[in-house]
Each structure stands twice: as C-alpha cells, then as structure tokens.
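Got your viewer open and your selection syntax warmed up? Let's walk through this model one stop at a time.

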Amino acid sequence: MSPTLRQQVLRNIPSVDEILSKQEMSDLLKIHPRTVVVEAIRRGLGRLREEILNQNDLSTLDETLFSYQNLLPLFQKEINLQVQPRLRRVINATGIVIHTNLGRAPLHPLALKQIVEVAKAYSNLEYDLARGERGDRYAHVEEILCHLSGAESALVVNNNAAAVLLCLNTLAEEREVIISRGELVEIGGAFRIPDVMKRSGATLKEVGTTNRTHLNDYQRAIGSESALLLKVHTSNFRVMGFTSEVPLDELVELGRKHHLPVMEDLGSGCFIDLVHYGLEKEPTVQEAIRTGVDLITISGDKLLGGPQAGIILGKKKFLDLTKANPLTRALRIDKLTLAALESTLLLYMDEKRAMAEIPALQMLGLNMRKLKGRAKRLLKRLQKKVGNKLQMTIKEDVSQVGGGALPLQKLPTIVLSIKSPGVSLNSLEKKLREIDPPIISRISKEELVFDMRTIFDEEIPLLAGGIEKVLSQ
Ligand SMILES: *Cc1c(COP(=O)(O)O)cnc(C)c1O
C-alpha cells in the first residue's frame, strides 16, 4: 500500500461534527450526556486512525470502514469505558488463591451484608451505645481478636505495612531495631523491611548472615541504643539447605533478659492450623502469642480471608503506647473495612465453619472430586456451544496459595485447558481480559489454562459464556 493511498484513507475519516449531526447518533445522545458522546467519538476516531496507520495491508479495508454499522460499536465501547467503573469484578482462573493483583481475599457473604448494613445508614462507629457518649472505633474488634488469639490487647489499622510502620515508630524511633540478615526481605508490592524501618525513624541493626543467624548474634548486638528485637516472616521467600534461624520463643527469652520488647511481623495472619487440613505448616497467630511475644502484626486480607487491614496483637503495655501514637490516626481503618473484618472474625468462633465458608480457606481445602466436577460442568457447557471450535482437556495441575503464605505448598488441582486451531493463544488470553466480566487465565505449554480452584461455582456459566463470546468475535 502506498503512503499516498494511506493518506487518502485517513483523509476520509469523518469529523466529529459530521458524525454528531447524523441521525444514527440520536439514540446515543438520548441516553448519554453530549460531552460523553463527543469524547467517545473523538477517542473512537483516534483508535481508527491508529489502526489505519498500523495496518500494513490496507486492501482489506474498504468504504465500510466508515459506515455507521462499523463506527457505532466503536463509539459504544468508548462510551462504556467512560461511564463504567474502572475497578471491576473479574473471574480469577489463575489458581492463585490470595492474588494480590486481583484483590486478595474474596469476602464471605456475611461480611458483604454487614458492609452494606453499616454503609447505607449511620452506625455506632465511634459511639458508645451503653453510655450514650463518644466511643472507640477500635473497640468493636478488639475483644474478638483477643479471644481468638489469646493476646492481651489489639489494634487494627489500614494494612499490615501500616501496622509494621506504626509499631516500629512507636517502639524504636531514633533507636535501634535488631533483625536477622535472613529476614531483610521485600514482600510483593514494594514493601521492603529496611525501607519501612527507615521511614519509621528507627535504625536497622542487622545481625547474622543470609542463611544462618544464631541467638548469640542477636545477643552480641544488644547495646544501649537497642529498642526492639524484630522477627519477620519471610513470606514468599525461603532459604533452603544449610540454614538456621532463631525461633520466636528463644528470641522472646533473650528480650526478657535484656528488658527489650520483641516483635514479629507474621505476615499472612492464619488463625487455623492448616496441618489439620492436609496443608503445610504456616505458623498460627495463637502459637506466636503463646511464646509471650510483645507484639505481632498480620494482614487482614491474606489467609485470614477478610478485608485489607493490618492487625496488631500483643501486650497491653505496648499496645497502649501504639494507640497513643498520633500516626495511628493517619493509618486508621475505615468503617466498611471494620464491618467486614468483624464479620469475618466472628466466623472463626467455629473453626470448622471458618474453614468451610471463608472463601480463601474454602478454596484451599477443595478436594479433587469437587474440582473435577467443576471442570466437567464447564466442559459440558462449552462442548454444547463451541465444541467444534475448541480442543479441550481436563487435567491435573498445581495451584498456588499466594499472598506470601505457604510458598512451597503445591496444591494439586484440576484445570480445563483449551486450544483452538488457528487462533493465537495470546490473542485469546487478551480478549478474555477485555470482556465483561474479564476472565484472567494463564498460558501454559501451548494451551490456555483455567484453574477450577479459584472459580466460584456460580461463575461457571459466566466463564463458559465469556469463552464462547470471545471465540465468536
Ligand atoms: C504481606 C506482608 C506484609 C504487607 O502486608 P499488607 O497487608 O499487604 O500491607 C508485610 N509483612 C509480611 C511478612 C507480609 O507477608
């Protein structure tokens, strides 16, 4: 195609005003504000221009390119992009249960109900109903957190990163925090222990080596500037082989001897011993508290299965200091989160129920029979509608826990993998991300894979419908 011919095609693109004046646009203008429609036309034409510029073979494009039959869907798509929320529900077919990029833990229906209940009207967020006076925002969850964990006192803030920052600032500003070199980790999403430490105003005093740290490494580092002994759960990072770390209880004993508080950033925040459910060991909150540790911090939206929150548990003396820190106000938890967190925590009063019903935990516990059943239902739907276009196989694969918890745990799972002769997997994967609701899948060994573990039963028809839609595009 010659450059001049391309120029000619470009010149034929109608103007915004020309399009606006056309009868075909009146329906759109009836539904949407003029400014939205104008913007959609502008963006739609921009895309068309780009397409023409990038097209090598223009012979496939003819005058129908600028027909309203072709243009209207383009504008409609641009209108949708403007008026629909950008933050949307997606279908997670990746098999990563606590997927930080996909919003971590889905909430239990009771937590959702409580969010609506508290949000749609006024609430006793900071109002003491018994006394008829100002109350404490944090009191709503403190009692149940102490009950479940065995801690003396509790506080919740915006997220675990905030919890760590707040504790370090409260206990160690302008003083030293002693931590093992093996635990100076970066957790996904740019949370680096040394950086958070610096911002908290505390000074890092690293001891030991990357693979081995001993009790006397900590002991030798203790001096007049020491404020805190810190342990950090290394989450999605493991040093294997010739390794040694100091268990929390020994660190607590060392702290007692030297009158130094001891804190652990536990990360995931697991209240149930997963070993009882056939999974690998993840240290529980109760076990940590039982060592007599002064403070621990955990996330609300990892294995706990609740909303984004940072939970601080431990000795009353140190929690009182933390609560009095002005930073607490800046990092405070909002009422919707609090409503969801309290509802989620209440489910833990019955461990079996928590395991069976809290979505993240329930997904971890799914057995192969259940997963296979899902895959079969999906397969059946697809066979009926697009069986002739697809090669489909149900097979075994491996899911991940995610969120930095149980990094070595291999969760055997069932996936449906598909390929379609003549259709590129990359384009299929991309198109699935662009429909409503978007479907997030993964490409593995020349196939597109849908992991049944992280899909809800009620999403099977949506998933089948989405795949069908994309194949007919
Ligand atoms: C995930 C994690 C954090 C960060 O928690 P957020 O709730 O995402 O702020 C901090 N420390 C550890 C050990 C973690 O696993």
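Where does P437 lie? Select P437 and you land in the loop between α19 (425-434) and β16 (439-440). Keep in mind throughout that you are looking at a predicted model. Now add D436 to the selection: the peptide bond from D436 to P437 is cis, and its omega is near -5°.

**Next stop: the ligand**

Select the ligand and bring up its surroundings. The shell consists of R104, N159, N160, A161, I187, F191, H233, S235, D265, G267, S299 and K302. Color that shell by chemistry and you get three nonpolar, six polar and three charged residues. Switch to cartoon and look at α8 (160-172) and β11 (262-267), each of which supplies at least two residues of the shell.

Time for the distance tool. Pick D265 and go to its side chain, where a polar atom sits 2.6 Å from a nitrogen atom of the ligand. Then try the N159 side chain: one of its N or O atoms is 3.3 Å from an oxygen atom of the ligand. For N160, show the backbone too, as a polar backbone atom there is 3.0 Å from an oxygen atom of the ligand. If you put a surface on the ligand, note that on its own it has 380 Å² of accessible area, and the protein covers 94% of that.

**Over to helix α7**

Select residues 139-149, which make up α7. Which residues of this helix are buried? Show sticks for V141, E142, I144, L145, C146, L148 and S149, and you have them. Charged E142 is on that buried list, so give it a click. To see what the buried residues pack against, bring up β5 (153-157), α12 (285-290), β13 (310-314), α13 (316-323) and α15 (335-347). Then step just past the helix to G150, where phi is positive, at about 85°.

**Last stop: two glutamates with positive phi**

Go to E174, in the loop between α8 and β6 (176-180). Phi here is near 60°, a positive value in a residue other than glycine. Is E174 buried or exposed? Exposed, with a relative accessible area of 66%.

Finally, jump to E446, in the loop between β17 (442-444) and β18 (447-451). E446 isn't a glycine either, yet its phi is positive, at about 65°. This residue is exposed too, with a relative accessible area of 65%.

Methods:
Residues numbered from 1 in each chain as written. Predicted model: local features only at pLDDT ≥ 70, side-chain atom pairs only at ≥ 80, totals over all residues. Heavy atoms only, no water. Near = heavy atom within 4 Å. Polar contact = N/O pair within 3.5 Å; in protein donor to acceptor, adjacent residues only side chain to side chain. Areas by Shrake-Rupley, 256 points an atom, 1.4 Å probe, with all protein chains shown as cover. Helix = DSSP H or I, 4+ residues; strand = E, 2+ residues; numbered from the N terminus. Buried < 20%, exposed > 50% of the residue type's maximum accessible area, 1.4 Å probe, protein only. Contact = heavy atoms within 4.5 Å.
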